[in-house]
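Reader: I have a model to go through with you. Take me through the terms and the values behind them.

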Amino acid sequence: MTTPVIPDATESLVWEVLPAAADVTHAAAAVIEHSAREALALRGNFRIVLAGGRTPIDVYRLLPAIETEWTKWEIFFGDERCLPATDPERNSRMVFDAWLAGVPVPPHRIHVIPVELGPDSAATRYAELIARYTPFDLVVLGVGEDGHTASLFPGLALNEAGWCLAVFDAPKPPATRVSLGAGALRATRDVLVIAVGASKQSAIHDWRAGRVLPITRVTAGLQGRVLVDAAAMGECAVSR
Ligand code: 6PG
């Protein structure tokens, strides 16, 4: 049985292969700074959806140094792990510790996914919230070794096209999460995907081949940039 592919799935994205993870970190911070500057100049606010996981943490650590109008930023999360607010593995905790605790974004403009309500109620509440704020200006995404993004995992019967959904059997712990669906993640003017390390090679290769993975479905046809280091790119030739 042939593996379904999405033709030209990554054609709309600009790919940059950088020598090392640190180069990806600095380039990603520069993309976010530029996106914010453009949105603030054009629309007077900047709506960004943040990736969870480890890869973006060093990027977030660079952001307090940028010159910007923090009071006009509006922060959203692509997904959240159903963990206590103080758990160091909770995405919002990681982002606060790395960045938001050090900048004056007004608390009412930082929209943490309310997983304390329970996954289903949190997904419903967050879907109602984000419907008032799309299109986003920038959605930042990571990529898992299996091609997942946010908490949309391959093979899970997910309402991926929806706005926000509860995930109960994620293969990446913790199993219970809340994630924006592809519909919400695609409701953006721009997307930034970052991936580093050899463990991501297979996912990057399959994605570039158009294999139907969550990262493929979420980003196909979107305008944006993919920043990867040489280790994640492996031997895939970058034609653009
Ligand atoms: C999460 C993230 C997830 C992450 C990828 C990559 O909650 O884990 O939202 O989608 O972006 O799994 O994770 P790393 O950056 O840690 O490799």
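Reader: What makes the shell around the ligand two nonpolar, seven polar and six charged residues by class?

Author: The classes are fixed lists: Ala, Val, Leu, Ile, Met, Phe, Trp, Tyr, Cys and Pro count as nonpolar, Asp, Glu, Lys and Arg as charged, and the others, Gly among them, as polar. Sorted that way, the shell has two nonpolar, seven polar and six charged residues. The model is predicted: local features need pLDDT of at least 70, side-chain atom pairs count only at pLDDT 80 or more, and totals for chains, interfaces and linings use all residues. Residues are numbered from 1 along each chain as its sequence is written, and side-chain values use heavy atoms, leaving out hydrogens and water.

Reader: Which of the 15 residues around the ligand come nearest?

Author: Thr55, Arg81, His148, Ala150 and Lys200. A residue is near if one of its heavy atoms lies within 4 Å of the molecule.

Reader: What makes the approach of His148 to the ligand a polar contact?

Author: The term needs a pair of N or O atoms within 3.5 Å; within protein, one must be able to donate a hydrogen and the other to accept it, and residues adjacent in sequence count only if both atoms are side-chain atoms. A polar side-chain atom of His148 lies 2.5 Å from a ligand oxygen, so the pair falls within the cut-off. Lys172 also brings a polar side-chain atom, at 2.7 Å from an oxygen atom of the ligand. Arg54 uses a backbone N or O atom, 2.8 Å from a ligand oxygen. The protein covers 93% of the 410 Å² of accessible area that the ligand has on its own (Shrake-Rupley method, 1.4 Å probe; for residues, only the protein chains shown count as cover).

Reader: Why is the Glu16 and Arg225 pair called a salt bridge?

Author: The rule asks for a side-chain nitrogen of Lys or Arg within 4 Å of a carboxyl oxygen of Asp or Glu. These side chains meet at 2.6 Å, N to O, so the pair qualifies. Glu16 is in strand S1 and Arg225 in strand S9, 209 residues apart. The structure holds 14 salt bridges.

Reader: Where is the cis bond with omega of about 5°?

Author: Between Thr134 and Pro135. The bond from Pro173 to Pro174 is also cis, with omega near -5°.

Note on methods. Helix = DSSP H or I, 4+ residues; strand = E, 2+ residues; numbered from the N terminus.
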